[in-house]
Amino acid sequence: MTGSTHFAAGAALGAAVGALTGQPVAGTVLGGVAGLLADIDHPGSKLGRKIRPLAVVLEERWGHRDSPTHTVMFCLPAGLFLGMLAGLFLGTPMLAISGVLGAVSHLILDAMTKSGVRPFRVWLPKLPLPGFLPEQAKGRLERWNSWAAEVEKRTGKRHYKGEVVTGQDYREHIIAAFSWVVVALVITISK
Ligand SMILES: [Zn+2]
């Protein structure tokens with residue numbers, strides 16, 4: 001999905017939560033920005049252009065959509081962190097939920113596209129094996145690394161795929177338009 005659709009959907013969810021906490025506009029912005037977080041693995045995306053070096057590293061290492069940012073393991077804490085920062089700053093900690101919903105909505109939207117997502121992959125660090133280590137320690141590290149690879153393989157097995165071609169499907173436009181209607185309604189009603 002395009003950045004504008006991700007922003008719109010995140011904004012709608014964020015607005016709804018924001019309205020419940022008395023901060024509909026802040027919730028809208030927060031949810032929208034959180035909706036863009038996962039795409040920092042793509043140098044051409046809205047956020048990726050802003051933090052290009054990080055985006056390039058992520059994309060080269062794993063490829064867009066296959067990097068750790070397109071998983072629940074990233075989106076949940078990243079959305080929560082962003083939401084808590086904004087919530088504490090504005091004195092409304094419950095706004096954190098806008099961040100979480102916005103960030104996780106990214107995965108649901110991308111799951112509707114042809115490239116799909118593997119949202120439940122669990123990433124564990126692979127450890128380096130420096131030559132100076134004794135054989136026994138190396139063996140342990142190797143066992144950890146193969147276990148980490150196995151966990152990643154198993155949790156990454158299911159590939160959620162839909163039919164939407166990003167930016168070229170009327171269903172994406174409907175989602176974006178509907179989201180903005182929700183934002184407008186929520187903000188109007190909660191005034
Ligand atoms: Zn994405």
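Leaving aside neighbours within four places in sequence, Lys126 is in contact with Asn145 and Ala148. In this predicted model, Lys126 is found in the loop between helix H6 (96–111) and H7. Lys126 counts as partly exposed, because 13 C-beta neighbours fall inside 10 Å, a count between the limits of 12 or fewer for exposed and 20 or more for buried residues. A further relation links Lys126 to Trp147: the two residues are 21 apart in sequence, and their C-alpha atoms are 9.5 Å apart in space.

The chain as a whole is helical in its secondary structure, with 8 helices and 0 strands. The order of elements from the N terminus is accordingly α-α-α-α-α-α-α-α. The C-alpha trace spans about 70 × 40 × 30 Å along its principal axes. Of the 191 residues of the chain, 41% count as buried. Among contacts between residues at least 6 apart in sequence, 65% join residues at least 24 apart. The chain is divided into two parts, domain 1 (3–121 + 158–189) and domain 2 (127–155). Between the C-alpha centres of domain 1 and domain 2 lies a distance of 34 Å.

Helix packing was examined next, beginning with helix H1 (residues 3–20) and H8. These helices pack at an angle of about 30°, and their axes are 8 Å apart. H1 is therefore roughly parallel to H8, since angles under 35 degrees fall in that class. The crossing of H1 past H8 is left-handed. On the H1 side the contact is made by Ser4, Thr5, Ala8, Ala9, Ala11, Ala12, Ala15, Ala16 and Ala19, and on the H8 side by Glu172, Ile175, Ala176, Ser179, Trp180, Val182, Val183, Val186 and Ile187. The residues of this contact divide into 14 nonpolar, 3 polar and 1 charged.

Ala8, which lies in helix H1, illustrates this contact at the level of a single residue. Not counting residues up to four places away in sequence, Ala8 touches Ala176, Ser179 and Trp180. Ala8 and Ala176 are 168 residues apart in sequence, yet their C-alpha atoms are 5.6 Å apart in space. Ala8 counts as buried because 27 C-beta neighbours lie inside 10 Å, where 20 or more suffice for that class.

H8 also packs against helix H2. Helix H2 (residues 24–34) and helix H8 (residues 170–189) make an angle of about 160°, with their axes 9 Å apart. This angle makes H2 roughly antiparallel to H8, the class that holds for angles over 145 degrees. Pro24, Val25 and Thr28 in H2 meet Val183, Val186 and Ile187 in H8. The residues of the contact of H2 with H8 divide into 5 nonpolar, 1 polar and no charged. Val183, Val186 and Ile187 are also among the H8 residues that make the contact with H1.

A further contact of H2 is formed with helix H5 (residues 72–90). The axes of H2 and H5 come within 10 Å and cross at roughly 155°. H2 and H5 are therefore roughly antiparallel to each other, and H2 passes H5 in a right-handed crossing. In this contact, Ala26, Leu30, Val33 and Ala34 in H2 meet Gly79, Leu82, Gly83, Ala86 and Leu90 in H5. The residues involved divide into 7 nonpolar, 2 polar and no charged.

Outside the helices, Thr166 was considered in the segment that precedes H8. Thr166 lies in the loop between helix H7 (135–155) and H8. Apart from residues up to four places away in sequence, Thr166 touches Met1, Thr2 and Thr113. Thr166 and Asp110 are 56 residues apart along the chain, and their C-alpha atoms are separated by 8.7 Å. Thr166 is partly exposed because 15 other C-beta atoms lie within 10 Å.

Key
Residues are numbered from 1 along each chain as its sequence is written. This is a predicted model: local features need pLDDT of at least 70, side-chain atom pairs count only at pLDDT 80 or more; totals for chains, interfaces and linings use all residues. Axes are lines fitted to C-alpha atoms, for helices over the stretch in contact, and angles run from 0 to 180 degrees between N-to-C directions. Helices (H or I, at least four residues) and strands (E, at least two) are DSSP runs, numbered from the N terminus. Angles under 35 degrees count as roughly parallel, over 145 as roughly antiparallel, 65 to 115 as roughly perpendicular and the rest as oblique. Two residues are in contact if their C-beta atoms, placed from the backbone, lie within 7 Å. Ala, Val, Leu, Ile, Met, Phe, Trp, Tyr, Cys and Pro count as nonpolar, Asp, Glu, Lys and Arg as charged, and the others, Gly among them, as polar. Domain bounds come from an automatic or database domain assignment. A crossing is left-handed if the near helix is turned anticlockwise from the far one by less than a right angle, and right-handed if clockwise.
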